[in-house]
Amino acid sequence: MDGRSEPVLMERITDGQQLITQIKECVEFRDAKGLKTYILEHKLSNQSVFWELTSVLTQYITKDILDKNPNFFEACERCLSYLVRNGNPKEMILALLEQADCFNDDVKYSTLLRLSQATLMKLPSKRFHSLDIALETLSAHIKSLPHPQFTDLEDEEQQLLDSDTDVHRIEGVLSAYLNFLEPFVEEVSLFKACRTGNNPQVLTLKKHLYFLLEHPLAYLDLEYNRKEQKAKTTSRCLAERTLDLLVHVERNFHKYLQLARYESDRRHVDDVEDTEDTDAMVRENEENERRLDGQMPSAVETDDKVENWKYVKSVPKLAQACLSYLMYVEHLGLDRLPSIYSHGYLLEFNLPFISLCLKRQEFLIIYKGLLLLNSFLDVLQLGSLSADILDNNAYMNMISDMLAVMIHCPAKKLRQMCVQLLPVFIKCFITEGRYKLLHMIIASCEHSGVQGFVTQILKEQIRDNLLCEVPERFFIGNYLDKILKLLMKLPDGPATDLLENSDRIISVLNLLRFLIIRDKPNQNITGIWTYFPKYEIEFLDAIRKGLDMSTAHYKLELTNLQEAKGDQWPLPEDLDFSVCVGGQSLSSMPKAQRMNVLQSALVTFDMTESLLVRLLELFDQQKALHAK
């Protein structure tokens, strides 16, 4: 005897209940060898225990087990693969999906994806219902993933998004999910001969691929600048993979978006335009519904006409917006995009998607909306859009959303993009359209900074109009007077808060100064010399009085503050006075900061007064010069 003991041979167990007990004991003691012996070496064939064994083993294919006991993890995975290969596929897929409530671990999820894929591939060709159930269950884990919460990103931070923990987790799960989908998409690919888009498997695959565009892809950085020749991010690569799969099951992306838009607008019939294109689409869609309801023979089915309306209605609008972004900005899926539409039509069609993105709080979604808008403005010719299309509320809705980003968005990069895009958007219209847009913006937005910015755009339009041999009527005479009246409104007369309205007031004073210099009294093309006396009484005199009161008031407050000891700021008890900066009361600021604010306000008043004095001097000089 050499002292070495013979290995213990485990007897084959035929009783199902006893076998389950022994395997559970192996699992409890993390006995990888015993587990493989009972299932793999003994070639377990008792189908009655497969379901329960699947439930037991899947509890141990977790990241924790993988890290602490990789041998046992590998044994559980191999045994589950054996059960999948040898079990009844219809029962095994249900046994695997039963663990859906346990998808709180990404390692378990990825493993079950591979096992579910292998099980489904064993089913007969008509596997639609099993695949549909599987996708509904498996996609729930992706939907449950927390999306990255970015409201402001600097350029350097945006480049490091791939290293974010939440982003990295999403990328790993999404990659595994796309691997799961690939063979099923390949089976029904429209690139294969005799394949139609009406296969139920095609429809369910389309639906779940579109869902990925909403969550998680819309929340990820999918931008890729080919000119910079930098490596693509993992998120970008996953977006490309998703679109690559979609082109195998979707014939025409734009047609899908049309159908989705029509279905959404059916609840708002008043907003549907009465055009030949819309009527044709409505008739076609109604015909599709009759086909689906069995009112027409289903034997005559046309791929472009028959659609599953439940599938179309279920795809979120954010997914549609993300699809447009990937097509028109990132140029993905272009082989499924017709090239027959005008740039103006595509802009109008995508306005709701742009607005949807701009209404969100997430940095990357707003960014996608602005890039989508920019992609159309880049190809539109200046002055190519008619003023009549502004009857469509989508244009002004989008403008309002841009203004909201300009005013409220914490991300400087996004605010600057809006400032750059707004003038370009306005210039894409003919003169009448530009006037309408400027008038609507000034009438609807009371923010002083925005009105000051729009006044600068107005000044450029007036200048360009005066350079024409025959100036158009929209930026002269009564039309100009109407828009100037809106800009010169002082709600409380001389008591209006001049500091809060300083951007608008200074811009208007500069505009009036430009008009006085550019349009001579003997020409009076703009009508400024006709209307100026009225402006002087209703606007300029009120500003002069307001400046006197505001300057005296702020100087008094500054003197009080300078004389106060420490951080105290004595105010008379009966004086109801408050100065706010960025929504923060001046009284809550440190003394040094209060003094800076008050001094800055006095500088603003001084500059406003200088502009006002210079404007009146120019008016008198020009009038006297041409009176001789």
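Me: Rings of Phe, Tyr and Trp (its six-membered ring) pair if their centres lie within 6.5 Å, with planes under 30 degrees apart counted as stacked, over 60 as edge-to-face and the rest as tilted. Which residues do ring pairs link into a cluster?

Reply: The cluster is made of Tyr341, Tyr345, Phe349 and Phe353, which ring pairs join together. This is a predicted model, in which local features need pLDDT of at least 70 and side-chain atom pairs count only at pLDDT 80 or more, whereas totals for chains, interfaces and linings use all residues. Residues are numbered from 1 along each chain as its sequence is written, and side-chain values use heavy atoms, with hydrogens and water left out.

Me: How many aromatic pairs does a search of the whole structure find, and why is the pair of Phe363 and Tyr367 called stacked?

Reply: The search finds 20 aromatic pairs. For Phe363 and Tyr367 the centres are 5.9 Å apart and the planes 25° apart, and because stacking asks for centres within 6.5 Å and planes under 30 degrees apart, the pair counts as stacked. Both residues belong to helix H18 (residues 363-377), where they are four residues apart, about one turn of the helix; helices here are DSSP runs (H or I, at least four residues), numbered from the N terminus.

Me: What makes Phe363 and Tyr367 count as buried?

Reply: Buried means under 20% relative accessible area, exposed over 50% and partly exposed in between, with a 1.4 Å probe and protein chains only. Phe363 has a relative accessible area of 0% and Tyr367 has 6%, so both are buried.

Me: Why is the pair of Tyr435 and Phe474 called tilted?

Reply: Its centres are 6.2 Å apart, with 40° between the planes; that angle is neither under 30 nor over 60 degrees, so the pair is tilted. The pair links distant parts of the chain, since Tyr435 lies in helix H21 (residues 431-444) and Phe474 in the loop between helix H22 (448-466) and helix H23 (477-487), 39 residues apart. Tyr435 is buried at 7% relative accessible area, and Phe474 is buried at 6%.

Me: How do you know that the charged end of Lys232 sits over the ring of Tyr224?

Reply: A charge sits over a ring if NZ of Lys or CZ of Arg is within 6 Å of the ring centre and within 35 degrees of the ring normal. The charged end of Lys232 is 5.3 Å from the centre of the Tyr224 ring, and Lys368 lies over the face of Tyr325 at 5.6 Å from the ring centre.

Me: Why is Cys409 not bonded to Cys418?

Reply: A disulfide is a pair of cysteine sulfur atoms within 2.5 Å, and the sulfur of Cys409 is 7.6 Å from its closest cysteine sulfur, that of Cys418, so the distance is too far for a bond. The search of the whole structure finds zero disulfides. Cys409 is buried at 9% relative accessible area, and Cys428 is buried at 0%.

Me: What lines the second largest cavity, and which helix gives the most to that lining?

Reply: A cavity is a set of points on a 1 Å grid over the protein atoms alone where a 1.4 Å probe fits but cannot get out, and lining residues have an atom within 4 Å of a point. The second largest cavity, with about 40 Å³ of space, is lined by Leu498, Ser502, Ile505, Ile543, Leu547, Thr604, Phe605 and Thr608. H26 gives the most, with three residues.

Note on methods:
Helices (H or I, at least four residues) and strands (E, at least two) are DSSP runs, numbered from the N terminus. On a 1 Å grid over the protein atoms alone, a cavity is a set of points where a 1.4 Å probe fits but cannot get out, and a pocket is an open set with protein on both sides within 12 Å along at least five of seven lines; lining residues have an atom within 4 Å of a point. Grid points are joined across faces, edges and corners, and a volume is the space filled by probe spheres set on the points.
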